There are 2 protein chains.
Amino acid sequence: MTAPDAPVIRVLLAEDQGMMRSALALLLGLEDDIEVVATVTRGDEVVPAALAARPDVALLDIEMPGSSGLDAAAELRDRLPGCRVLILTTFGRPGYLRRAMEAGAAGFLVKDGPVEELAAAIRRALAGEKVIDPALAAAALSAGASPLTDREREVLAAAVDGATISDISRRLHLSESTVRNYLSAAIGKTGTRNRIEAARAARHNGWL
Amino acid sequence: MTAPDAPVIRVLLAEDQGMMRSALALLLGLEDDIEVVATVTRGDEVVPAALAARPDVALLDIEMPGSSGLDAAAELRDRLPGCRVLILTTFGRPGYLRRAMEAGAAGFLVKDGPVEELAAAIRRALAGEKVIDPALAAAALSAGASPLTDREREVLAAAVDGATISDISRRLHLSESTVRNYLSAAIGKTGTRNRIEAARAARHNGWL
DNA sequence: GGGGTGGCAGGACATTTGTCACGGTTGGTT
DNA sequence: AACCAACCGTGACAAATGTCCTGCCACCCC
């Protein structure tokens, strides 16, 4: 597969869930052409750690404290262009895949299917291939881009945890009327009946 | 640690997320006193698989399709009393721990902390010990039992995905007024301001 | 210049939601 | 028997929510 004395692939691993993180690090370490040179648990630790460890491939979870793996991917592209980025996530949301590609990711894996896929994906990413689940790619194309404007997305995101109109208006420095209008627009565009359904729909599509 | 020719510990693994499942199976298989004799991906496959494979320890995720790992644990206690149950979950919700104990579980692990804990927990469970994170135990005690009645919980659960009062009343065959009253009671008991916050609070405590 | 889109806000209105007070039934305790 | 808790329902009311309309400004594109 690889030449016996090929240089090892240096991997950065970003994953907040402890058991998953250490399991992946252990398993990847078993591959003799892969070395995990850094592991981080927060999104905002990705770039500093990458600048220090100079990995060939960064394996990033999306949902992490600090900042999203998607944001980290975009920043990595600018700060460490030679590093390939693989997104590894629980949820195969169409919008996530879209954003991952826009952030310059080399691949998009869901935390399903066997671990063997992982090492294979890392090698393929380093070879310059794009690694994407075909079914997911189809879903992302059919779902289309987010219909929400930035403000609508912001307001909807602020509403998910049960905040009232006046809470949101204070948090975003908008008038209550404006918040109403944005929420109404988001409800209309998502084809739902209230903010809760709208937020669920947006989240399901990765628009949030 | 164990006698060289001690019988291996037979483990059943129930976990729906593919990568986590295969990673855990692989890592546990590396321990020479542990053998993974069955893996399932759904809650309702736990008992049949256990009856066929006769494991010494069952390692159960909570959030699974089919049925909850907590329900599976309760059923296992009746159908295969010799089998120790370890609950392994993402969320250290106080109510989950409480319910796990009531279902006769031998231990409760969160998917944080290193994988090494796992093998140790399995050995300790088999030795008859209870394996519980002390911090979590304290939280479970201080949080107290759920203040919600069965109906309040049902109505709240039916409301989380954006259903309206009339949706819920149809689904549960109740009058709209009754649904209102239960929701209001749940909001009051959780000390929140609306159904969304109430549902979040209940979910956070594992009351849902 | 004109046209389109997005951000922002206000007003008016119907609907939904949350609260409260009340009455009734059932089942279990003391 | 008296009591309590949970269950189920009604009616009335205030507050929050969602919709629609209007208007203004800035920006970009043709």
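Hi everyone, let's start with chain B, where six strands form an open sheet in the order β2-β1-β3-β4-β5-β6, with parallel pairing. The edges belong to β2 (34-40) and β6 (131-132) of chain B, each with a single partner strand, so one side of each has no neighbour in the sheet. Two strands count as paired if DSSP finds at least two bridges between them. Helices (H or I, at least four residues) and strands (E, at least two) are DSSP runs, numbered from the N terminus.

A quick word on what we have here: this is a predicted model, where local features need pLDDT of at least 70, side-chain atom pairs count only at pLDDT 80 or more, and totals for chains, interfaces and linings use all residues. Residues are numbered from 1 along each chain as its sequence is written, chains are lettered from A and ligands numbered from 1 in the order in which they are written, and side-chain values use heavy atoms, leaving out hydrogens and water.

Staying in chain B for a moment, strand β3 (residues 57-60) runs parallel to strand β4 (residues 84-89), and four bridges join them. If you want a spot to click on, B:A58 stands opposite B:V85 in β4(B).

Now over to chain A. Is strand β1 (residues 9-14) of chain A buried or exposed? Five of its six residues are buried, so β1(A) is largely enclosed by the rest of the structure. Buried here means under 20% relative accessible area, exposed over 50%, and partly exposed in between, using a 1.4 Å probe and protein chains only. Six bridges join β1(A) to strand β2 (residues 34-40) of chain A, and the two run parallel. The chain gets from β1(A) to β2(A) through helix α1 (residues 18-30) of chain A, in a right-handed β-α-β crossover. Right-handed means that, with the strands pointing away from the viewer, the path from the first strand over the helix to the second runs clockwise. β1(A) also runs parallel to strand β3 (residues 57-60) of chain A, with four bridges between them. A:L13 is a handy landmark: it stands opposite A:T39 in β2(A) and opposite A:L59 in β3(A).

Next, helix α8 (residues 165-172) of chain A. Its buried residues are A:I165, A:D167, A:I168, A:S169 and A:L172, and they pack against α7 (150-159), α9 (176-190) and α10 (195-204) of chain A. A:S169 has 8% relative accessibility, so it counts as buried. Not counting residues up to four places away in sequence, A:S169 touches A:L174, A:S175, A:E176 and A:V179, where contact means heavy atoms within 4.5 Å. After α8(A) comes A:H173, whose phi is positive, near 55 degrees.

On to the DNA. Which residues are closest to DNA strand C? They are A:R151, A:N181, A:Y182, B:R180 and B:R195, among 17 residues that surround the strand, each with a heavy atom within 4 Å of it. Sugar and phosphate account for 58% of the atoms of DNA strand C that come within 4 Å of the protein. A side-chain N or O atom of A:R151 is 2.3 Å from a phosphate oxygen of strand C, and one of B:R195 is 2.8 Å from a phosphate oxygen. For B:R180, the partner is a base nitrogen, at 2.7 Å.

Finally, the two copies. A rotation of 180 degrees with 0.0 Å of shift along its axis superposes chain B on chain A, with an RMSD of 0.3 Å, by least squares on the C-alpha atoms of residues with pLDDT of at least 70 in both. The copies are thus related as by a two-fold rotation axis. Thanks, all!

Methods. A polar contact is a pair of N or O atoms within 3.5 Å; within protein, one must be able to donate a hydrogen and the other to accept it, and residues adjacent in sequence count only if both atoms are side-chain atoms.
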